[in-house]
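Reader: I would like a close look at the surroundings of the ligand in this model, and at the helix that contributes to them. Please then place that part in the rest of the chain.

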Amino acid sequence: MNSHAASSSLVELKHLTFGYGGRPVLSDLSLRFPKGKVTALMGASGGGKTTVLRLIGGQISPQSGEVIFDGQRLDTSNRKALYQARRRMGMLFQFGALFTDLSVFDNVAFPLREHSDLSPELIRDIVLMKLNAVGLRGARDLMPSEISGGMARRVALARAIALDPELVMYDEPFAGLDPISLGTSARLIRQLNDALGLTSIVVSHDLDETFSIADHVIILANGRVAAEGSPAQVRASQDPLVHQFVNALPEGPVRFHYPGPSVAQDFGTDSGSDSGPNLGTNLGANLGEKGANS
Ligand SMILES: Nc1ncnc2c1ncn2[C@@H]1O[C@H](COP(=O)(O)OP(=O)(O)O)[C@@H](O)[C@H]1O
Ligand SMILES: [Mg+2]
């Protein structure tokens with residue numbers, strides 16, 4: 001074990017290769033998530049960001065390479081060791097919805113009741129402390145249907161930190177939030193990281209908010225690291241792919257168009273080009289994002 005690396009990184013991925021059913025997603029990927037810091041993991045949709053979080057959480061195992069959490073290899077751990085490591089992680093997954101039939105209080109209490117033998121009195125104190133940390137102590141008795149989307153996200157955040165994790169992974173925590181809630185959530189992630197001495201990994205598409213709270217930014221593309229560094233370093237990158245991503249440009253190394261038949265083949269035009277300038281650029285905008293790694 002490399003003790004030097006372990007002292008500065010809480011999570012480390014080494015030469016990781018992973019694919020679903022033989023379709024490669026990550027190839028020889030090496031990453032470090034520094035202890036105590038907020039690291040943003042960014043990149044085009046379908047690039048493997050959620051997959052990286054699932055590998056760290058041990059929900060899936062790499063085909064080759066190593067997943068190291070606090071100096072301990074997770075990918076070869078037995079069930080018990082993996083379970084223990086996972087208890088030190090909080091996860092706020094994409095669409096990680098609240099239980100709609102449980103109150104705000106009971107949503108946050110859920111993991112404590114499930115994973116600890118704490119007394120009801122102690123659970124109450126912890127739940128109110130966590131709700132206080134996200135500014136929602138007063139909303140304890142409300143049902144999820146009675147709170148806004150931004151508040152629901154903060155309750156989910158309180159639930160994710162209920163068991164006092166050392167690592168918190170956020171998968172697109174800002175998706176669907178209005179600009180004010182988005183800013184509030186982003187600052188909250190930063191504040192909780194610093195106040196509770198956490199290590200945070202934030203997967204997000206929101207460049208400005210994410211760059212404003214991250215210490216370290218990693219941009220994934222084509223199963224590898226395209227750029228890495230401080231937000232300022234990544235913003236200044238001259239790499240064409242990173243430039244395209246940071247400036248949200250539709251054309252560049254990450255193709256807008258999903259690979260398919262040429263325009264001429266599909267429409268019988270004689271343009272001969274596969275990007276069809278006459279068709280405008282709005283068709284299939286969502287499909288286009290996946291072109292890079294197909
Ligand atoms: N359970 C799965 N089975 C098969 N393919 C999957 C599965 N989950 C994700 N993928 C594919 O793996 C690639 C990476 O997915 P993902 O990690 O979700 O990307 P991101 O989070 O960056 O958008 C995508 O092409 C996606 O379609
Ligand atoms: Mg994802």
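Author: The account below starts at the ligand and works outwards.

This is a predicted model, in which local features need pLDDT of at least 70, side-chain atom pairs count only at pLDDT 80 or more, and totals for chains, interfaces and linings use all residues. Residues are numbered from 1 along each chain as its sequence is written, while chains are lettered from A and ligands numbered from 1 in the order in which they are written.

Ligand 1 is surrounded by Y20, V25, S45, G46, G47, G48, K49, T50 and T51. A residue is near a molecule or strand here if its C-beta atom, placed from the backbone, lies within 6 Å of it. By class, the shell holds 2 nonpolar, 6 polar and 1 charged residues. In this scheme Ala, Val, Leu, Ile, Met, Phe, Trp, Tyr, Cys and Pro count as nonpolar, Asp, Glu, Lys and Arg as charged, and the others, Gly among them, as polar.

The most residues in the shell around ligand 1, 3 of them, come from helix α2 (residues 49–56). Helices (H or I, at least four residues) and strands (E, at least two) are DSSP runs, numbered from the N terminus.

Helix α2 also contains L53. L53 is buried, because 21 other C-beta atoms lie within 10 Å. The cut-offs are 20 or more other C-beta atoms within 10 Å of a residue's own for buried, 12 or fewer for exposed, and partly exposed in between, with C-beta atoms placed from the backbone. Leaving aside neighbours within four places in sequence, L53 is in contact with M169, D171, I201 and V203. Contact means that the C-beta atoms of two residues, placed from the backbone, lie within 7 Å. L53 and D171 are 118 residues apart along the chain, yet their C-alpha atoms are separated by 8.0 Å.

Two of the shell residues lead to the strands. Y20 belongs to the shell, and strand β1 covers residues 9–20. V25 is also in the shell, and β2 covers 23–34. Both strands belong to an open sheet of 4 strands, ordered β2-β1-β4-β5 with antiparallel pairing. Two strands pair if DSSP finds at least two bridges between them. The edge strands, each pairing on one side only, are β2 and β5 (72–73). Strand β1 runs antiparallel to β4 (residues 64–69), and 5 bridges join the two. In this pairing V11 stands opposite F69 in β4.

Strand β2 also holds D28. The phi of D28 is near 50 degrees, a positive value in a residue other than glycine. D28 is exposed, with 12 other C-beta atoms within 10 Å. D164 is another non-glycine residue with a positive phi, about 55 degrees. It is found in the loop between α6 and β7 (167–171), and D164 is exposed, also with 12 other C-beta atoms within 10 Å.

As for the whole, the protein chain has 12 helices and 10 strands. Of its 294 residues, 34% are buried. Among contacts in the protein chain with a separation of 6 or more, 64% are between residues 24 or more positions apart.
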